[in-house]
Amino acid sequence: MERLAALLLLQVTAANSFFHEIENLSLRQAIRKRSIEWIDSDPLDSLRPLQRTKRTWVITTIDVQEEDKGPFPKYAGQLFNNRSFNKSVKYLISGPGVDEPPEVGLFSIEDDANGHVHVHRAIDREKTSTFQIRFDIVYRKTGEPLDHPLFFKIKVKDINDNAPEFPKEEYSVTVRENHSKDEPVFQVTALDKDEGGTANSQVSYSLSMQMPLPDGFIFNIDPTTGSIFLTGCLDYKAASSFKLLIEASDHGTPQLSSTATVNVAVEDANNHLPVFTRDNYLLQISAGQEHPAVLRLPVEDEDSPNTPAWRAKYRVMEGNEKEQFTIETDPVTNEGILSIIKPLDYEDDSEMKLVISVANEEPFFLCKNGLVMTSGLESTNTTVNIVVLRSQRAPRFHPPVLIVQKEDSMKPGKVFRRYPATYPNDVPNKIKYELARDPDGWLSVDENSGVLTVAKEFDQESPYVNNSLYTIIVHAIGHDIPPQTGTGTILLYLSDMNDHMPTLAAPSLDVCDKEEETPLIIKAKSATARSHSGPFTFELTEDSEDVKRNWTLGRNFGESVELVRLRSLPQGSYLIPVIIRDRQGFSTRQTQHVRLCFCPDGHTCKDSPRPQAAVTLGGAAIAIILLAFLLLLVSIILLCRFCESGSKSKAIVPPQEGEQTLINYNEESRPSLFQAKLDIMGHAALPPVPVEAGEEAIAEDGLYVTYETFQERHLEFMIQTVDRILGQKLDYQNRLEDYRDICKPHIYTEEGELERSDSCSVSIGGEDLPVDFLNTLGPKFSALEEICEKRFLSFN
């Protein structure tokens, strides 16, 4: 019965509280509505001057502390209004923390007659730091507002309940061995969620652990900024990595802290110079020949292999004034490879001394008193003494550098190559062959014949293959006393050799036709293989004599060369065959296309139709020369008639000089030189031949002719035309023999007396004609020659 009574009492109390809350909610809503009406009742109130009013609300400090443990509900403060004297009033509370989020039901007025404010649970300041609360006072019976509402901000007091936090628990950084102590290695930052600007959120940093500890702490941290600095020099050999434990602590009570780990990896820098394993070398070299890879110079370097601090750079400091030597770095062994690229002369260079230096790709540094300092000492030297021997005593390989591309049929036991060596001037002597370099043992050599045989499969993944290139060195040792050794180098490519050849950077160039002769620039680019690069050498091909009459190469800039015009050329397209050779001796023939064009602004070529095609001197060119010959023959006939008349005057035949140039007459409508010659021949015309798209064309000596198809189609036609006209002229000459006494030439006094001619010859520049060209003109030309000789005999 007691439990039932207690349950009934609890239900009644809850019901009363529920209805009381409902009543208060309704009352608050009504008060808000009336307050708004009260405020908005007179719109002119805002225009009236402000008046000092007596404060009616009195409120004690409402203190709410974060994470208060209770017990709850807990008294927080009291509010009072002076207008409540002798009146039955009721205090109401509303807003965020009461009946609005966040934290609904956090605050309430337990005693609405006296305005006692209570808090009902603990508060997280980091979640909500302030609350804007509204207080109202109304008549208890009517609910009418007694005074204006009061808006009050309740601030939650902070306690130090949050430790500083790092964004990450672990960091990884890399620092160079030559890092300066003045520059921070890394910076860490921790954030504290407690109230800013207080001791609870103020963070300090410290280095609580460092592993390893070589001669004390190497690192330090700024307690305010969290920047990590070095206290001295790093030593990669002593420690290549470190682990740092960084602690961040606040200044609150109690003090809270957290930690983070920083892993520091040290990257090796150049604090060890490369050193030659020997101070000097003695080298005996045969005169008169090149020697690739004649000497390998090993060095020792204590820095990490295959890094810029370890990779060596070699240079010939003294003794290479004639640029006879080059030295390169073997990317695998780091050795210096000395080569002789220009033959030595026994008389002038019998004894030579080279001073070779070596340095690293990265500048050298040293540590002095805990400070990183750069040093002026960046290289070490060695000396190579060279004795030049007479060339006939040393065998020579043919060629000295043999380039070979891998074949699928290269199986063990198969003959790889026969790589012979002979003595200069074919001096007979016995030669012994041996492999001086074959690091992976791919080949074997017959010591008597020099025949190379495959010993095992070629392995693309071999550590001795660099950029698909495997280098083999063969020695040919003579039997004279002392024995002389010749060196042959085999470059075995396991990929396409075209990948290693230099090419033109711009195969086509447009050039403005100007009065001043400005050299053009032909630029080459390296092959895809890294080790094959400039400086390059350039030369015009040996079979381009006609091109050499118009063009020449000027200064070489290493990566490019000047192309100079030797004379004025007509506008059009020219093809210049050039041989490009890289520093490894690999060469390729490239064709530089040059378009000489008109530039209205002096800088940019005017767009024009496809330039005339130009090809080598062929059938069509010879046909044009035949036409010129025909004109000369007509002149000879006229000369013979003058000789027959018995005149003593000297017949002068104007010299014929053929310029290999097609002249374009752009102004007026005059016929071309080619058409004019055809008109003289009896108006023989050639049908037009279109230029096929994509057909290759070249220019020689400035002469422009059509393509090879044009030559083949019309060469026979031209020869037939010349043959027919020669026949007509011979027939006409034979008929004249019966009337030679009648048709004597009349001599005019104004012309003067001609001297007697002793011969009847024609001078023709035939250096561009075949040797047997005159023999192909047929019997009619010979008959004409006999008639001419007969006239001169009768005249004499």
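Which side chains meet in a salt bridge at 2.2 Å, N to O? Select arginine 176 and glutamate 362: their side chains form that contact. A salt bridge here is a side-chain nitrogen of Lys or Arg within 4 Å of a carboxyl oxygen of Asp or Glu.

This is a predicted model, in which local features need pLDDT of at least 70 and side-chain atom pairs count only at pLDDT 80 or more, while totals for chains, interfaces and linings use all residues. Residues are numbered from 1 along each chain as its sequence is written, and side-chain values use heavy atoms, with hydrogens and water left out.

**Stop 1: the opening pair**

Arginine 176 sits in strand E9, and glutamate 362 in the loop between strand E23 (351–360) and strand E24 (365–368), so the salt bridge ties together parts 186 residues apart in sequence. Helices (H or I, at least four residues) and strands (E, at least two) are DSSP runs, numbered from the N terminus. Glutamate 362 is buried at 12% relative accessible area, while arginine 176 is partly exposed at 26%. Buried means under 20% relative accessible area, exposed over 50%, and partly exposed in between (1.4 Å probe, protein chains only).

**Stop 2: other salt bridges**

The structure holds 18 salt bridges. Next select arginine 296 and glutamate 335, whose side chains meet at 2.8 Å, N to O. Arginine 296 is in strand E18 (residues 291–297) and glutamate 335 in the loop between strand E21 (325–329) and strand E22 (336–340), so this pair ties together parts 39 residues apart in sequence. Glutamate 335 is buried, at 18% relative accessibility. Add Asp330 and Arg437 to the selection: with Arg296 and Glu335 they are linked in a network of salt bridges.

Then go to glutamate 562 and arginine 555, a salt bridge at 2.6 Å, N to O. Glutamate 562 is buried at 8% relative accessible area, whereas arginine 555 is exposed at 54%.

**Stop 3: isoleucine 221 and the core around it**

Select isoleucine 221 in strand E12 (residues 219–221). Is isoleucine 221 buried or exposed? Its relative accessible area is 8%, so isoleucine 221 counts as buried. Show the C-alpha atom of serine 206 as well: 15 residues away along the chain, it is separated from that of isoleucine 221 by 6.3 Å. Leaving aside neighbours within four places in sequence, the contacts of isoleucine 221 include Val188, Tyr205, Leu207, Ile228 and Ile246. Contact means heavy atoms within 4.5 Å.

Move on to isoleucine 246, whose contacts, with the same neighbours left aside, include Phe166, Val188, Leu207, Ile221, Ile228 and Val262. The largest nonpolar core has 25 residues, and those with the most contacts inside it are Phe166, Phe219, Ile246 and Val262. Strands E9 (170–176), E11 (203–211), E12, E13 (227–230), E14 (241–250) and E15 (257–267) each supply at least two residues of this core. A nonpolar core is a set of buried Ala, Val, Leu, Ile, Met, Phe, Trp, Tyr and Cys residues joined through side-chain atoms within 4.5 Å. For a second, separate core, of 24 residues, select Leu283, Leu295, Leu344 and Val388, which are among its members.

**Stop 4: strand E6 and its partners**

Show strand E6 (residues 116–119) with strand E3 (residues 74–81): they pair in the antiparallel sense over 4 bridges. Strands pair if DSSP finds at least two bridges between them. Glutamine 78 has histidine 116 in E6 as its bridge partner. Strand E5 (residues 107–111) also runs antiparallel to E6, joined by 4 bridges, and serine 108 stands opposite histidine 118. E5 and E6 form a hairpin with 4 residues between them, and glycine 115 in the turn has a positive phi of about 75 degrees.

**Stop 5: aromatic pairs**

There are 14 aromatic pairs. Rings of Phe, Tyr and Trp (its six-membered ring) pair if their centres lie within 6.5 Å; planes under 30 degrees apart count as stacked, over 60 as edge-to-face and the rest as tilted. Select phenylalanine 135 and phenylalanine 152, a tilted pair at 6.5 Å centre to centre with 50 degrees between the planes. Finish at phenylalanine 416 and phenylalanine 458, an edge-to-face pair at 6.1 Å and 85 degrees. Both are buried, and ring pairs link them with Trp442 and Tyr470 into a cluster.
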